[in-house]
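Welcome! Here is a short, friendly tour of a protein model, taken one topic at a time.

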Amino acid sequence: MKFKKLIVGITVLAALVVTGCSKQQKKAQPILTKTQVINKSQKSFKSGQVKQSLTLGTDTSAQVITTDTGFGGTPTVFHINYQTQNKGKTQNAEEWVNMNNLYLNGQNTWYRTKLDDFSGHSYADMVDATVNNKLIFNPSTTLTNAYKMKRNKNTYTLTANISNQSLMKKAADPIWTTTGQSPQQEKAFQRIQKYGKYKNMTVKMVVKNKKLTNFQYFVNMKIGNSMKLRLGQVYSNFGSHDFLRVPETALNAKPLPKNNKSKK
């Protein structure tokens, strides 16, 4: 009996020693500086989700255009769901984009055409606006200096309020360039940019366990005396579409008829 008690005692002691060692080995992660957090956010990501939105309206009415885009693969593929809300009506559209073509879902029949001809922007424009967004990968000192940081354990949240005209324009340009669904809509956006005035911009970045988990910014404009516009991008779900590919149903698309080469 004494022998058994001795064995049990040794076992318990050994377990306590191992537990103590493992606790000593688990060191707390060092607290990061703001510069270090920004550097961590710039680690390249292969894929993710980005939602662009553009809201134009007055105090009594609004038109909302949103694009919900999954991006990923090598080279990058885009799966885009558009939604336009205006005067109580909602229109939806689905597209796939690769380096070669734009694929359109036209009431369960897929059509293919060239992105530049149909939308007014290029594949390179889309890559720059999403995968290579300069606010993430090449932020100006105006933005980095404006960031205020809060920490909760291993989660760092950076926020900034911006009124710099040049920075707001640079932030808005990729959205203006890629949100349009037709050359006609692109021209309308150009007129808004010409007569509108940038008011302010908010930016938020979240880095958790040394990885970027969320990035978003919204720019506010005033057009004339009564109209306001808000546009922005929200990134999330990084790494969720690393192997994204255009599905066979879209790749087998019919050529888009010439009289439908651009949306009206």
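What follows is a briefing on the sheet, the helix that packs on it, and a salt bridge. Please keep in mind that this is a predicted model.

**The sheet**
- The open sheet is built from 12 strands with mixed pairing. Their order is E7-E8-E9-E10-E11-E1-E2-E3-E4-E5-E6-E12.
- Strand E7 (148–152) and strand E12 (254–255) are at the edges with a single partner strand each, so one side of each has no neighbour in the sheet.
- Strand E2 (residues 62–72) and strand E3 (residues 77–86) run antiparallel and are joined by 10 bridges. If you would like a pair to look up, Gln-63 has Asn-86 in E3 as its bridge partner.

**A helix on the sheet**
- Helix H7 packs on this sheet, and the strands touched by H7 are E1 (48–57), E2, E3, E8 (155–162), E9 (196–208), E10 (211–223) and E11 (227–236).
- The direction of H7 makes about 85° with that of E9.

**The salt bridge**
- Side chains of opposite charge can pair when their charged atoms come close.
- The structure has one salt bridge. Its partners are Asp-173 and Lys-169, whose closest N and O atoms are 3.2 Å apart.
- Both Asp-173 and Lys-169 belong to helix H7 (residues 165–179), where they sit four residues apart, about one turn of the helix.
- Asp-173 counts as partly exposed because its relative accessibility is 25%. Lys-169 is also partly exposed, with a relative accessibility of 43%.

Definitions and conventions: Residues numbered from 1 in each chain as written. Predicted model: local features only at pLDDT ≥ 70, side-chain atom pairs only at ≥ 80, totals over all residues. Heavy atoms only, no water. Salt bridge = Lys/Arg side-chain N within 4 Å of Asp/Glu carboxyl O. Helix = DSSP H or I, 4+ residues; strand = E, 2+ residues; numbered from the N terminus. Buried < 20%, exposed > 50% of the residue type's maximum accessible area, 1.4 Å probe, protein only. Pairing = 2+ DSSP bridges. Contact = heavy atoms within 4.5 Å. Axes fitted to C-alpha atoms, helices over the stretch in contact; angles between N-to-C directions.
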